[in-house]
Amino acid sequence: MNHERIYLIEEADPAVFFGTNSRNLSLLKELFPKLRIMARGNLVKVLGETEEMSNFIRLLHALEKYAAEYNVLPETTIIEMSRGERPERERRENVIVYSTGGKPIVAKSENQAAMVRLIEEKDLVFATGPAGTGKTFIAIAMAVKYLKSKQARRIILSRPAVEAGEKLGFLPGEMKDKLDPYLQPLYDALIELIPAARLREYMESEVIQIAPLAFMRGRTLNDAFIILDEAQNTTTHQMKMFLTRLGENAKMVVTGDMSQIDLPRGVMSGIRQAKSIVSGIEGVGWIEYEQKDIMRHRLVQEIVTAYEAHEMLRQEAKRNKDGEE
């Protein structure tokens, strides 16, 4: 009788691999009744005859690669692969990553596809445009892809904590509680792309860091994929500070919506100034989303258009009034 200890590859989440209530593990035991199979965390222990064990280990390695890539491992796939059959799931082109439910994440518009290409080609990419165009989600999906492929050792996500009508000091709770409402959209995207247990592990070990912009000061970010969201609410000094955090072997993506600036009147947006200063530098990319790129409910695009038309009429009325005076 032989004994083997096998550790799952880092990219394969144990919760995904073993399944709900360890159903996948139970299935593997049924498929290999001559083996004694035990699992704890990412460790699999096997006891049995050499030939049977070799077949099991060969299947296990194939399954863990499948789970790591697709973020899902159905029982039907385990059975098919145990028979030497090719799983029904076909590899799709242009997939960035797979969601926690195994859904392929792909660019859904020309500008999203252009953003993916820019991130691959440039070290610093700016993406501006209306809410709902998916610019932040695409940035985070690319960050997860780079982390899984080991092109980046960590992901750093940041937002300016601008007091849009509610002062941080008057929010209840400790500092984390006060800042979480600003950072929640970043958590939401990560939850869709990384299994919960693995995401918690990444955040506890600071492989993934989510922090307000003020926490970036004084740092040099090497071997990282860095995202600054809601950058229209940075001041010019904050933007310069953030951009100069870029370290060796790092990617940086800056996203913002110029129609939703919450800075005090008379304060220039950092991303607006950056466009005139750094957009011509080699290695810097810029993508501008439009209303047609909005991916939310069909009404969102019409609502945005209606608000813009209302604002144009308001400004025209104001100009006419000023002219009469």
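Where in this structure is T305 found? T305 is found in helix α11, which covers residues 298-324, and I begin there as a way into a model that, I should say at once, is predicted. T305 counts as partly exposed, because its relative accessible area is 36%, a value in between the 20% under which a residue is called buried and the 50% over which a residue is called exposed. If you look for Q291, which is 14 residues apart from T305 along the chain, you will find that the C-alpha atoms of the two are separated by 7.8 Å.

Let me turn now to a pair of helices, α5 with residues 110-121 and α6 with residues 135-148, whose axes come within 10 Å and cross at roughly 40 degrees. That angle makes α5 oblique to α6, and the crossing in which α5 passes α6 is right-handed. On the α5 side the residues that take part are Q112, M115, V116, I119 and E120, and they meet K135, I138, A139, M142, K145 and Y146 in α6. Sorted by class, this contact has seven nonpolar residues, one polar residue and three charged residues.

Please keep Y146 in mind, since Y146 returns in the next part, which is about aromatic rings. As a general point, a pair of aromatic rings is described by the distance of the centres and the angle of the planes. The count of aromatic pairs in this model comes to six.

One of them is formed by F32 and F56, an edge-to-face pair with 5.3 Å from centre to centre and 85 degrees between the planes. F32 sits in the loop between α2 (23-31) and β2 (36-40), while F56 belongs to helix α3 (residues 50-70), and the pair thus links distant parts of the chain, 24 residues apart. Are these two rings on buried or exposed residues? F32 is buried, with a relative accessible area of 8%, and F56 also counts as buried, at 1% relative accessibility.

The other pair I would like to show you joins Y146 and F225, whose ring centres are 5.4 Å apart and whose planes stand at 65 degrees, so this pair is edge-to-face. Because Y146 lies in helix α6 and F225 in strand β9 (residues 224-228), the pair ties together parts that are 79 residues apart in sequence. Y146 counts as buried at 8% relative accessibility, and F225 counts as buried at 0%.

To finish with the aromatic residues, I would point you to Y66, Y70 and Y98, which together form one aromatic cluster.

How values were computed. Residues numbered from 1 in each chain as written. Predicted model: local features only at pLDDT ≥ 70, side-chain atom pairs only at ≥ 80, totals over all residues. Heavy atoms only, no water. Axes fitted to C-alpha atoms, helices over the stretch in contact; angles between N-to-C directions. Helix = DSSP H or I, 4+ residues; strand = E, 2+ residues; numbered from the N terminus. Parallel < 35°, antiparallel > 145°, perpendicular 65-115°, else oblique. Left-handed = near helix turned anticlockwise from the far one by under 90°. Contact = heavy atoms within 4.5 Å. Nonpolar A, V, L, I, M, F, W, Y, C, P; charged D, E, K, R; others polar. Phe/Tyr/Trp six-rings, centres within 6.5 Å; stacked < 30°, edge-to-face > 60°. Buried < 20%, exposed > 50% of the residue type's maximum accessible area, 1.4 Å probe, protein only.
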